[in-house]
Amino acid sequence: MIRMFHTSYIEISKSALHANLKFIRKLAGDEVRYCSVIKGNAYGHGIEHFVPLAEECGVRMFAVHSADEALRAHMVSVSGSHIMIMGMIDDAELEWAVQNEVSFYVFEFERLRAAVAAARKQDQKAKIHLELETGMNRIGFDWHDREELAEYVLQNRDYLHIMGISTHYAGAESVANYLRIQNQIASYSRYQWYLRKKGIRADMRHTACSAPLISYPQTRMDMIRIGIAQYGYWPSKETQMQYLTRNGGRKMTDIPLRQIISWKTRIMSIKKVDTGDFIGYGTVYQATDTTMAATVPIGYSHGFSRNLSNLGKVLVHGRRVPVVGMVNMNMLIVDVTHCPGVKRGDEVVLIGSQKKNRITVSSFSDMTNNVNYETLVRLPREIPRFIVA
Ligand SMILES: Cc1ncc(COP(=O)(O)O)c(C=O)c1O
């Protein structure tokens, strides 16, 4: 049964999340703090559903991109978890952050000064993470800023609580970036030691997201910031191979990460199409046989990429059936000729399992240029989400 007025729904598996967190924590070790990355609407899973669920599994710290996401996480947190903003926060939002003990990245002097001003106004320390530029060239204090940075932080230490010193790696999931990552690790170390010698110590040094956690263990430090892996995906096939071959090699069946999301809908209508007729817009697909064509009420407006026209697969009756013709804005058509007894209302799995078959988010990435991350975050917020065991 599709619940609520919507054409599809998403299920989030608590047991899969629990298993993923257990695996990641074991890999990182007990000493390393865990920060769950929930930007991009919790990678499409839904902040409002994911935060309380992760809290049930013991998570007490979340990282978001911006103040609006921080506010959403703050509103639904039931365990008083700490929230950290890694990206955008307006000067006007800083006071809210300081007041609510939401920490935020500081990566330029303008923001540093604004943080001190907000802290002064609130008469409360701003909790900050100093983001260091180590070679990604996105955000972060440059090495040549070091003296001015140290001086300013020391002068204003009454208004600043340095929770973290962080950086982000420029593509640790690809071995092509190996040298660049090694250089970043060295740059971070040099900068962090410089600040330490000046008397600036943070509660936590944190640099690793999912790929470095697995491929560069020295990056784990005091805290890991994990996104894609907690949702059940390897950052790349290379990262998965590195995990399998490390420490003398693991069994190829050792696949500890489980995708926690499933996306389901139902067949809207079925019709018989004669040999030689075209299906859908234009002449993109021509029936080479008598074809049972089932319309599914999902299209590119729901996050099912138009690039999957004539390419995508969904599950019906436990079989992988092909998308035929163009993916429309709100509908797509699949060939169910080989699903005997198929009828209107039958379940269609867009992501997830049905009987013995499975459609993974990674399979979307194999067929299009979209990476896992992109496919997930494109899932609209309006699709109802349900937690399942
Ligand atoms: C600064 C920062 N930390 C952590 C993450 C989490 O990365 P991942 O999903 O690869 O674990 C991201 C995501 O891009 C990020 O930008």
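Here a colleague and a modeller talk through a predicted model, its two domains, one helix and the ligand shell.

Colleague: What makes you speak of domain 1 and domain 2 in this chain?

Modeller: The names follow a domain assignment, automatic or from a database. The chain is divided into residues 32–227 for domain 1 and 261–388 for domain 2. Their C-alpha centres lie 39 Å apart.

Colleague: How do you know which residues of domain 1 are in contact with domain 2?

Modeller: Two residues are in contact if their C-beta atoms lie within 7 Å. By that test, eight residues of domain 1 meet nine of domain 2. On the domain 1 side, helix H2 (39–43) and H3 are the elements that give two or more residues. H2 provides the largest share, three residues.

Colleague: And what classes of residue make up that side of domain 1?

Modeller: Six are polar and two nonpolar, with no charged residues.

Colleague: Why are Ile47 and Phe50 of H3 called buried?

Modeller: A residue is buried if 20 or more other C-beta atoms lie within 10 Å of its own. Ile47 and Phe50 are classed as buried, as are Val51, Leu53 and Ala54, in the helix spanning residues 47–56. After H3 comes Gly58, with a positive phi near 100°.

Colleague: What makes Arg225 part of the shell around the ligand?

Modeller: The cut-off is a C-beta atom within 6 Å of the molecule. Arg225 is among the residues surrounding the ligand, including also His168, Cys209 and Pro235. Helix H9 (210–215) and strand E9 (223–226) each supply at least two shell residues.

Colleague: How many of the shell residues are nonpolar?

Modeller: Eight are nonpolar, alongside three polar and one charged.

Technical notes. Residues are numbered from 1 along each chain as its sequence is written. This is a predicted model: local features need pLDDT of at least 70, side-chain atom pairs count only at pLDDT 80 or more; totals for chains, interfaces and linings use all residues. A residue is buried if 20 or more other C-beta atoms lie within 10 Å of its own, exposed if 12 or fewer, and partly exposed in between; C-beta atoms are placed from the backbone. Helices (H or I, at least four residues) and strands (E, at least two) are DSSP runs, numbered from the N terminus. Ala, Val, Leu, Ile, Met, Phe, Trp, Tyr, Cys and Pro count as nonpolar, Asp, Glu, Lys and Arg as charged, and the others, Gly among them, as polar.
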